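Work through the exercises below with the model open. Try each task before reading its solution.

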Amino acid sequence: METVVLGWLVLDITGSPFMVGVITAARSFPFLLFGALGGVVADRVPSRPRLLVYAQSGIVLVTIVVVFLVTSGLVQVWHLMAAAFLSGTAMAFDQPTRQSLVYDLVREDLVNALAMNSSAFNVARLLGPAVGGVLLAGAGPGACFIAMAVAQLIGVLCIQRVGAPPRARPVQSGSVWQNLKEGLGYAWRNPVIRTLLLVEAVTDVAALPYVFVLMPVFARDVFAVGASGLGFMTASVGIGALAGALSIALIGDRMRKGLVLIIAVLLFGIFLFLFSQSSWYPLSLALLALTGVFNSIQVKLEAILLQTTVPEDMRGRMMGAYVVTWGVMPIGNLQAGAVAAWAGAPLAAAVGGLVLFLFALV
């Protein structure tokens, strides 16, 4: 819901696709700054669920402030940029901890556990944009942010009930800075981890801006379907992502994960390019669903390979390094917004799809 509402609100205030790129960059940039540190903290704390509660509570507070600003009519773009940055900072600590916690809870069948975790996320990704688009069109952005605050608070309450046992061997030797250098050095020296991180970084720069930056522009300028149509477009990606996650759960370990990962990246690039060339809304929804399928398969296989390749005392830091790759997304968001403002959203999406396809071939 946040992706739909924030992008539409910024576009409504400024009328600029480039500013949509700026606001999404503000949310992603903390991953680059603090993602590795979040991984270090995830390795050092004895209770990962407690750290998740702290991070999610910070997000709830930020959303409540945005609710006040939007409903009072005082909201300005810089408010949204600050809120996006603070929310992204909390997520930089949330995500390495959350990913590592899955391994703490379920070790015997990690592939299915990660796939089911992704399925739960994608159910929300499916319902959130559709509800957000309808709510945005009917009640305005203030109601959407209130709904987000309530949902986030429920999430905090749920995390408090997670019964993960205290970690037997949290990292305690060395300073935080030493742990950080050890983790980054390990990621660079390991060729499998280095390649996985590179794949995710290129995807974040070339392809993912179509979701966070270009989707509101397509909805308004290409298809003229308004906020509710934007919700269905984003929900189509969620439907595909859910299908991709469930396919990983069904296949389990019966696949060559590296080969399937490369094929998924190739097809993600192809379907993104085809979406950029489509002017028929129903076909575009189907193509968006297919991009969601193969991006979901890519992300889940990256997480599985990272979690199963590293030793226990490095798991949080490697997931932190993975989150750092999300921090390069502002580069992609800004270039996508600039290209969309200069030559239109279809060209921006087409360039991203071609770059991703050629990278996967290499």
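Buried means under 20% relative accessible area, exposed means over 50%, and partly exposed covers what lies in between. The model is predicted.

**Exercise 1. Classify three residues**

Task: Decide whether Ile239 is buried, partly exposed or exposed. Do the same for Ala224 and Ser284.

Solution:
- Step 1. Locate Ile239: helix H10 holds this residue.
- Step 2. The relative accessibility of Ile239 is 46%, so Ile239 counts as partly exposed.
- Step 3. Look for a distant partner in sequence. Ile239 and Ala289 are 50 residues apart along the chain, and their C-alpha atoms are separated by 6.1 Å.
- Step 4. Move to Ala224, in the loop between helix H9 (209-222) and helix H10 (226-251). Its relative accessible area is 63%, so Ala224 is exposed.
- Step 5. Check the backbone of Ala224. Its phi is near 55 degrees, a positive value in a residue other than glycine.
- Step 6. Finish with Ser284, which lies in helix H12 (residues 281-309). At 1% relative accessibility, Ser284 is buried.
- Step 7. List the contacts of Ser284. Not counting residues up to four places away in sequence, Ser284 touches Phe223, Phe275 and Ser278.

**Exercise 2. Trace the surroundings of Leu9**

Task: Which residues is Leu9 in contact with, leaving aside its neighbours within four places in sequence?

Solution:
- Step 1. Leu9 sits in helix H1 (residues 2-14).
- Step 2. Leu9 has 8% relative accessibility and therefore counts as buried.
- Step 3. With the sequence neighbours set aside, the contacts are Val70, Leu80, Pro141 and Phe145.
- Step 4. Take Val70 from that set. Leu9 and Val70 are 61 residues apart in sequence, and C-alpha to C-alpha they are 9.8 Å apart in space.

**Exercise 3. Test two helix lengths**

Task: What span should the 14 residues of helix H7 have at 1.5 Å a residue? Then examine helix H11.

Solution:
- Step 1. The span is 1.5 Å times one less than the number of residues.
- Step 2. For H7 (residues 176-189) this gives 20 Å, and the end C-alpha atoms are 20 Å apart, so the two agree.
- Step 3. Pick out the buried residues of H7: Asn179, Leu180, Gly183, Gly185 and Ala187.
- Step 4. Find their cover. It includes helix H2 (17-44), helix H8 (191-206) and helix H13 (315-326).
- Step 5. Turn to H11 (residues 257-277), with 21 residues. It reaches 31 Å from its first C-alpha to its last, close to the expected 30 Å.
- Step 6. List the buried residues of H11. Among them are Leu261, Val265, Phe268, Leu272 and Phe275.
- Step 7. Recall the helical repeat. An α-helix has 3.6 residues a turn, so residues three or four places apart point the same way.

**Exercise 4. Compare three helix pairs**

Task: At what angle do H11 and H12 pack, and at what angle do H12 and H13 cross? Then treat H14 and H15, giving their angle.

Solution:
- Step 1. H11 and H12 pack at about 155 degrees, and their axes are 8 Å apart. The cut-off for roughly antiparallel is over 145 degrees, and H11 is therefore roughly antiparallel to H12.
- Step 2. H11 and H12 make a left-handed crossing. Their contact has 18 nonpolar, four polar and two charged residues.
- Step 3. For H12 and H13, the axes cross at roughly 150 degrees and come within 10 Å. H12 is thus roughly antiparallel to H13.
- Step 4. The crossing of H12 past H13 is right-handed.
- Step 5. Name the residues. From H12, Val299, Glu302, Leu306 and Gln307 meet Arg315, Met319 and Tyr322 in H13. By class, four are nonpolar, one is polar and two are charged.
- Step 6. Helix H14 (residues 329-343) and helix H15 (residues 345-361) pack at about 135 degrees, with axes 7 Å apart. H14 and H15 are therefore oblique to each other.
- Step 7. H14 passes H15 in a right-handed crossing.
- Step 8. In H14, Ala336, Val339, Ala340, Trp342 and Ala343 meet Ala345, Leu347 and Ala348 in H15. The residues of this contact divide into eight nonpolar, no polar and no charged.

Note on methods. Residues numbered from 1 in each chain as written. Predicted model: local features only at pLDDT ≥ 70, side-chain atom pairs only at ≥ 80, totals over all residues. Heavy atoms only, no water. Helix = DSSP H or I, 4+ residues; strand = E, 2+ residues; numbered from the N terminus. Buried < 20%, exposed > 50% of the residue type's maximum accessible area, 1.4 Å probe, protein only. Contact = heavy atoms within 4.5 Å. Axes fitted to C-alpha atoms, helices over the stretch in contact; angles between N-to-C directions. Parallel < 35°, antiparallel > 145°, perpendicular 65-115°, else oblique. Left-handed = near helix turned anticlockwise from the far one by under 90°. Nonpolar A, V, L, I, M, F, W, Y, C, P; charged D, E, K, R; others polar.
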